[in-house]
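Reader: I would like a close look at the salt bridges of this protein, with attention to where the partners sit along the chain and how far each is buried or exposed. Could you take me through them one pair at a time?

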Amino acid sequence: DPAIEADFAAGAMYPPAGHELSEYIKNPAGPVGQNMFPALPGSFEVPSGAFSHGGAIYVFYTTVQSPSALAMKASYLAKWPAPSPGSTPNYDILHRVDERFGASGPLGGNFINIAAETKDGYVYMFGTGEYRNSPIHLARKALASLASQGGYEVFDATSGQWGPAPGADAAPIIAEPNFGETSFRYFPEKDIWMFMAQGKNRVVARFANQPEGPWSDEITLHDNTDPAFLSQYCCVPEGQCFGERLFNCSKAGFYGTYLFPDLVVDATGFSVAYTMSTWDPYNVALFTARFEDQIGRASCRER
């Protein structure tokens with residue numbers, strides 16, 4: 001409904017002591033080049049992963065190269081110290097995490113988009129580097145040291161060992177260079193880790209018993225070239241997008257699939273909920289997928 005559509009840029013950012021906002025926000029919200037809202041991250045300077053700890057909410061944000069560049073080039077960690085449903089989120093930027101502006105950053109330039117999940121005293125960071133053309137690397141940081149910069153460990157999938165950052169040569173946990181924005185969740189109800197992302201016109205899922213893997217083979221949930229998928233979700237005629245008709249298929253596809261933290265378990269399997277975005281028109285849809293325990297096969301439906 002166009003009457004209720006809105007664009008939400010989140011609350012204001014505050015820089016660390018001795019730093020300027022322009023070090024972190026290079027494309028502030030508002031008309032390009034006018035710097036109208038310097039404390040509000042703008043297009044492509046978006047949150048990529050979040051988690052809670054100690055009564056605060058922590059968010060990994062991205063930084064673009066310039067106001068006109070689409071490529072995400074850096075990441076930083078921000079904190080909402082006193083979250084409340086009755087107040088605007090205002091974030092304290094804690095520190096830079098990684099960057100790809102020139103030489104590789106503190107984590108080898110592999111952690112620009114960061115999906116985050118906490119377990120056993122750590123925040124596990126699932127990172128991608130080159131914009132939407134990256135494998136997935138894994139790092140972790142002790143929750144007790146979130147306020148201080150550095151202190152990361154990087155996992156090398158080849159040796160199966162954790163080592164100190166930067167770990168630029170560490171092998172990724174998912175090697176296919178297909179990804180940008182990703183989603184990872186730990187579901188204690190099944191003691192499993194789940195990965196979901198859009199890559200090369202497909203939404204795929206994988207599972208593992210621990211964040212380091214080994215990760216299962218891909219399960220395809222949606223395929224942007226599948227005639228059955230297109231017949232169900234394309235706007236017909238173009239420009240008439242109602243119900244489950246999500247996007248104008250001659251111009252656009254899907255991206256940005258993000259898992260909710262809820263798992264619904266039944267007698268023979270389980271279901272997850274997730275969002276999926278489109279860009280013509282810009283919108284977000286809610287989906288569910290059900291997985292059978294015995295055969296690892298998925299069936300999906302739009303909610």
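Author: In this predicted model, the count comes to nine salt bridges, taking a side-chain nitrogen of Lys or Arg within 4 Å of a carboxyl oxygen of Asp or Glu as the rule. One of them joins the side chains of Lys 119 and Asp 120, with 3.0 Å from N to O; Lys 119 is partly exposed at a relative accessible area of 24%, whereas Asp 120 counts as exposed at 61%.

Another pair is formed by Glu 181 and Arg 132, whose side chains meet at 2.8 Å, N to O. Glu 181 lies in the loop between strand 13 (174–179) and strand 14, and Arg 132 lies in the loop between strand 9 (122–128) and strand 10 (134–142), so this salt bridge ties together parts that are 49 residues apart in sequence. Glu 181 is buried, with a relative accessible area of 11%, while Arg 132, at 28%, counts as partly exposed.

A further salt bridge connects Asp 266 with Arg 290, where the closest N and O atoms are 2.9 Å apart. This pair links distant parts of the chain, since Asp 266 is in the loop between strand 18 (254–265) and strand 19 (269–279) and Arg 290 is in strand 20 (residues 282–292), 24 residues apart. Asp 266 is partly exposed, at 32% relative accessibility. Finally, Glu 176, Arg 202, Arg 206 and Glu 218 are joined into one network by salt bridges that share partners.

Terms used: Residues numbered from 1 in each chain as written. Predicted model: local features only at pLDDT ≥ 70, side-chain atom pairs only at ≥ 80, totals over all residues. Heavy atoms only, no water. Buried < 20%, exposed > 50% of the residue type's maximum accessible area, 1.4 Å probe, protein only. Helix = DSSP H or I, 4+ residues; strand = E, 2+ residues; numbered from the N terminus.
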